[in-house]
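Q: I would like a close look at a single part of this structure, followed outward into its surroundings. Please take me through it step by step, in one connected answer.

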Amino acid sequence: MSDAPLLQMEDLRVHFDTDEGIVKAVDGVSLVVNRGEMLGIVGESGSGKSVANMTILGLTRASNASISGRISFEGKELTTMEGEELRAIRGNEISMIFQDPLSSLHPFYKVGRQLVEAVRVHQDVSKEAALARSIELLGLVGIPDPERRVGEYPHEFSGGMRQRVMIAMALTNDPKLLIADEPTTALDVTTQAQILKLIERLRQEFGMAVIMITHDLGVVAEVADRVMVMYAGRGVESGTLEQVFYDPQHPYTWGLLGSLTRIDRPRTARLAQIAGQPPSLISLPEGCHFRNRCPHSFAKCTSTPPLEQRGGEPGHTDRCWLDPERKQALRVVSTGEFGLEAA
Amino acid sequence: MTGRAGEPILEVDHLVKHFPIKAGILFDHQIGAVQAVDDVSFTVNRGETLGLVGESGCGKSTLARTILQLIEPTSGSVRFEGNEITGLKSGKLRSLRPRMQMIFQDPYASLNPRKRVAQIVGDPMRLHGIVSRDGTHDAVRELLERVGLNPEHYNRFPHEFSGGQRQRIGIARALSLNPKLIIADEPVSALDVSIQAQIINLLEDLQGEFGLTYVFVAHDLGVVRHVADRIAVMYLGKIVEIGPADEVYANPIHPYTLSLLSAVPIPDPRANAARKQIVLEGDVPSPANPPPACRFHTRCPFATEICSTEEPPLIDHGKDHFAACHHPLDREGRPRDKGRAPAPA
């Protein structure tokens with residue numbers, strides 16, 4: 001094992017040409033995933049978090065898509081990789097689980113058959129050996145009585161159990177990177193707690209890295225080592241959990257943290273809110289994408305701030321032109337802990 | 001009928017809704033029932049917000065709809081402003097409808113895509129004779145402005161709005177009839193975090209302005225923490241705990257409430273790491289075949305024999321805080337009768 005990052009994404013852009021115009025779903029995302037770590041990516045719908053991650057696996061190569069930038073996985077370039085070579089990585093070294101486990105499983109085939117297929121695509125083993133491996137995996141992800149359940153259909157499983165099946169399938173080939181795209185969003189909180197615990201345990205057992213995509217800052221706080229906050233196709237802030245939660249640098253991050261409802265605090269009189277709506281990805285504002293909703297925007301915001309270290313500690317980067325000292329002052333005088341409302 | 005704040009506006013008494021499960025080819029016969037709501041009683045006082053929480057399938061949405069008589073209850077009573085509303089004829093019910101309105105979860109499915117905003121918000125007002133035909137236009141514009149929409153968008157169709165804006169249209173529609181009670185079924189769960197805060201603030205402002213009473217149904221315990229004065233926790237068709245919000249969140253009595261609260265990740269890494277978490281095993285049993293006696297006993301870390309033989313009644317634990325449990329928890333989250341109950345594994 002080397003110290004080089006497992007995955008490195010540099011200035012990724014994914015644009016889709018549609019009848020209404022060019023949709024800039026991902027517009028300059030750079031990130032690094034180290035071996036064995038859990039990176040949380042948070043953002044609202046339309047922030048580009050799913051598209052950026054699907055592009056890692058080459059799942060966004062539609063005829064109307066234009067992809068630029070670099071994605072390097074263990075030194076291999078993924079954006080241009082094709083055919084057999086890409087297939088050898090997809091589902092093998094990098095696997096992915098999705099939000100809706102029911103639509104990710106084929107309803108006609110028994111769970112066992114689908115797992116066996118996933119094993120045999122990448123490993124030259126007999127059906128019997130693959131089935132034994134499938135049963136072992138189902139047991140590993142906490143499905144009781146795996147010998148019996150392997151012969152059941154997806155509809156016979158509950159939501160949480162289906163997500164466990166998906167995780168088992170993702171683990172069949174001992175991946176180095178697991179991309180989990182909102183894996184608990186469709187689940188109840190008590191089931192979510194089970195699945196998050198499971199992913200955390202498996203990450204340690206398998207020593208794999210995980211990209212956890214979510215809209216829930218609570219989930220990030222629970223499992224991630226580092227966080228990247230995305231807004232309108234770009235990463236706007238990136239750092240360790242502690243850095244982003246306790247020393248947030250970007251006004252959008254302040255807004256997110258301020259607008260959260262928490263069960264461990266007495267209720268506040270009023271939630272801090274971010275005014276307005278996220279911009280259309282077809283007609284994004286020039287410069288900082290957040291400037292139309294930001295109460296602190298000024299002339300310089302019409303040019304795009306790069307994601308770099310500004311007011312934060314080393315390793316803590318953001319995309320905001322505000323002077324670091326002014327940020328400190330604004331953050332303190334805003335209502336709520338990190339609320340966004342103008343002073 | 002202008003009641004004062006603090007008086008009950010809604011009294012639900014032993015309400016039951018069982019959906020029959022039928023089988024048969026030519027002749028249906030009932031082979032069972034989904035016990036969606038089973039013997040639920042509570043009251044809501046004028047001007048307050050009752051939060052109704054629970055996981056999917058616990059019956060909270062069915063309860064909301066049964067209260068409004070959108071689903072006919074199997075048995076039990078619902079009194080609104082002192083009058084029984086179960087079993088009312090449709091005409092009588094219709095004259096009550098304006099006073100009890102609903103806001104739905106899905107801002108896409110709950111607005112008719114072929115109608116303009118002016119019709120969606122204005123038609124109910126005209127049909128109930130609240131405004132004249134000539135006055136509708138101004139009334140709609142006023143409402144749109146009040147819920148934070150541009151009144152110029154009067155003639156647009158729902159698809160021209162974003163999710164948060166559509167939810168504002170749904171709120172304007174509910175408000176258009178001057179209701180006293182609004183039942184909001186997961187009003188913000190389809191929305192992004194930054195938009196959620198906008199809608200929650202709007203609902204709170206409107207409550208003060210129009211003297212509204214809310215029943216706020218949600219699975220997000222953080223959102224309910226913020227809006228509710230009192231909280232009712234449901235599990236498999238039953239209310240297992242109900243009380244003042246601060247009390248229930250700070251000192252949950254029922255083990256289900258405790259585990260539900262402890263399962264919510266806190267968006268603050270240090271506070272999150274410090275919290276004691278109870279991870280429940282397994283899944284929620286089917287409401288078609290719920291466990292006998294205490295319905296939570298199959299997953300409860302503190303269950304003993306009595307829990308599977310005798311149903312615990314919802315009893316008062318002081319401070320208006322009720323719970324249905326044989327082994328109520330103390331402030332440290334341990335059963336008060338430590339001697340009899342086993343320690344959690």
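**A strand pair and what lies around it**

A: In this predicted model, A:L39 has A:R226 as its bridge partner in β9(A). That pair belongs to a parallel arrangement in which strand β3 (residues 38-42) of chain A is joined by four bridges to strand β9 (residues 226-231) of chain A. Strands of a sheet pair through backbone hydrogen bonds, either parallel or antiparallel. Both strands sit within an open sheet of eight strands in chain A, whose order is β6-β7-β8-β3-β9-β10-β12-β11 and whose pairing is mixed. At the edges of this sheet are β6 (94-97) and β11 (308-309) of chain A, each of which pairs on one side only. Helix α7(A) lies across β6 and β7 (177-181) of chain A, and its direction makes an angle of about 170° with β6(A).

The same helix leads into the interior. The largest nonpolar core has 187 residues, and B:F216 and B:V233 are those with the most contacts inside it. Helix α7 (residues 159-171) of chain A gives the most to this core, contributing eight residues. Domain 1 (7-224) and domain 2 (249-333) of chain A both give residues to the core, so it lies between them.

As for those two domains, their C-alpha centres in chain A lie 30 Å apart, and 10 residues of domain 1 of chain A are in contact with seven residues of domain 2 of chain A. On the domain 1 side of chain A that touches domain 2 of chain A, strand β2 (residues 21-33) of chain A gives the most, with six residues. By class, that side of domain 1 of chain A has four nonpolar, three polar and three charged residues.

Within the loop between β12 (317-318) and α12 (324-333) of chain A is A:L322, which counts as buried because it has 24 C-beta neighbours inside 10 Å, where 20 or more are required. Leaving aside its neighbours within four places in sequence, A:L322 is in contact with A:H296 and A:K327. The C-alpha atoms of A:L322 and A:H250 are separated by 8.8 Å, although these residues are 72 residues apart along the chain.

Turning to the contact between the chains, 36 residues of chain A and 35 residues of chain B take part. On the side of chain A that touches chain B, α8, α9 (217-223), α10 (241-246) and α11 (251-258) of chain A each supply at least two residues, and the largest share, six residues, comes from α8(A). The residues on this side of chain A comprise 14 nonpolar, 13 polar and nine charged.

Helix α8 (189-206) of chain A is also one of the elements against which the buried residues of α9(B) pack, together with α7 (221-227), β9 (230-235), β10 (238-244) and α8 (245-250) of chain B. Eight of the nine residues of helix α9 (residues 255-263) of chain B are buried, so this helix is largely enclosed by the rest of the structure. The buried residues of α9(B) include B:Y256, B:T257 and B:L260. These three also appear among the contacts of B:V233 which, leaving aside neighbours within four places in sequence, is in contact with B:V53, B:G54, B:I239, B:V240, B:E241, B:H254, B:Y256, B:T257 and B:L260.

Terms used: Residues numbered from 1 in each chain as written. Chains lettered and ligands numbered in written order. Predicted model: local features only at pLDDT ≥ 70, side-chain atom pairs only at ≥ 80, totals over all residues. Buried ≥ 20, exposed ≤ 12 C-beta atoms within 10 Å, placed from the backbone. Contact = placed C-beta atoms within 7 Å. Core = buried A, V, L, I, M, F, W, Y, C linked by C-beta atoms within 7 Å. Domains from an automatic or database assignment. Nonpolar A, V, L, I, M, F, W, Y, C, P; charged D, E, K, R; others polar. Pairing = 2+ DSSP bridges. Axes fitted to C-alpha atoms, helices over the stretch in contact; angles between N-to-C directions.
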